[in-house]
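Here is a short round of questions and answers about how some terms apply to a model. Have a look at it first, and then we can go through the reasoning together.

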Amino acid sequence: MTTDSYVRQARVADAPALARLRWAFKQEDYEGDLPSPARSVDQAEQWIRERLDGGRWLAWVLEIEEEICGHVFLHLVERVPEPYEENTPVGYVTNFYVVPSQRNRGFGTALLEALKLHARSLGMDVLIVWPSERSDPLYRRAGFQPSTELLETR
C-alpha cells in the first residue's frame with residue numbers, strides 16, 4: 001500500500017490542526033495524570049492563526065493522506081540594523097512534532113530540511129533551537145551544533 005505524504009508550508013487554515021497537534025505534543029511531556037489546561041485549544045488555534053497570518057511566524061506541516069501528522073515552526077527574530085552587515089533575521093526553530101505512529105520514518109528530517117531550505121532562501125545565516133533530550137540527535141544530524149556564543153539566564 002502506498003501512502004501519500006508530503007511536506008509543505010503551513011497555511012492559516014491549518015491553525016485548527018496545528019493547535020490540536022500542539023496539545024498532543026505537550027501532553028506527551030506528562031506521564032499519567034494530566035494537569036488541567038491553563039488555556040483552551042481554541043486559544044492556541046487563535047494564537048497560531050494570528051501568527052501565521054502576520055508572517056513573523058512560519059510553519060511546515062507533514063501531510064499523510066490529507067491529514068496533518070507533524071509540524072515545525074520558525075519565528076523570524078529581527079536584528080537591529082547595522083551599517084556593515086546584512087540585517088537578515090535569526091530563525092528560532094520550535095514546536096517540532098511528529099505523531100508517534102509516523103516517527104522514525106524520515107518525516108522529521110524532511111520537515112527540518114524544508115525549514116532550512118526556506119531559511120537559506122531568505123538569506124538567514126543563523127538558526128537556533130533549544131532541543132529536548134529526545135530531539136537533540138535529530139537536530140545534530142540536521143547540522144545544528146552547540147553554540148559558544150549564546151548566553152541564557154532564568
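Q: What makes the pair Thr94 and Tyr92 a polar contact?
A: In this predicted model, the side chains of Thr94 and Tyr92 are joined at 3.5 Å. A polar contact needs N or O atoms within 3.5 Å, so this pair qualifies.

Q: Where is Thr94 found, and which residues does Thr94 touch beyond four places away in sequence?
A: Thr94 is found in strand S4, residues 90-98. Beyond those sequence neighbours, Thr94 touches Trp57, Val72 and Phe73.

Q: Why is Arg8 called buried?
A: The relative accessible area of Arg8 is 10%. Buried means under 20%, so Arg8 earns the word. Arg8 belongs to strand S1, residues 5-9, and its contacts outside the four-place window include Ala59, Trp60 and Ile68.

Q: How do you know that Arg8 and Asp14 make a polar contact?
A: Their side chains are joined at 2.7 Å. The cut-off is within 3.5 Å, so the pair counts.

Q: Why does Arg103 count as partly exposed?
A: Arg103 has 25% relative accessibility. Buried is under 20% and exposed is over 50%, so a value in between is called partly exposed. Arg103 sits in the loop between S4 and helix H3.

Q: What joins the side chains of Arg103 and Glu28?
A: A polar contact of 2.8 Å does. Glu28 is also among the residues in contact with Arg103, along with Tyr97, Val98 and Arg134, once neighbours within four places in sequence are left aside.

Notes
Residues numbered from 1 in each chain as written. Predicted model: local features only at pLDDT ≥ 70, side-chain atom pairs only at ≥ 80, totals over all residues. Heavy atoms only, no water. Helix = DSSP H or I, 4+ residues; strand = E, 2+ residues; numbered from the N terminus. Buried < 20%, exposed > 50% of the residue type's maximum accessible area, 1.4 Å probe, protein only. Polar contact = N/O pair within 3.5 Å; in protein donor to acceptor, adjacent residues only side chain to side chain. Contact = heavy atoms within 4.5 Å.
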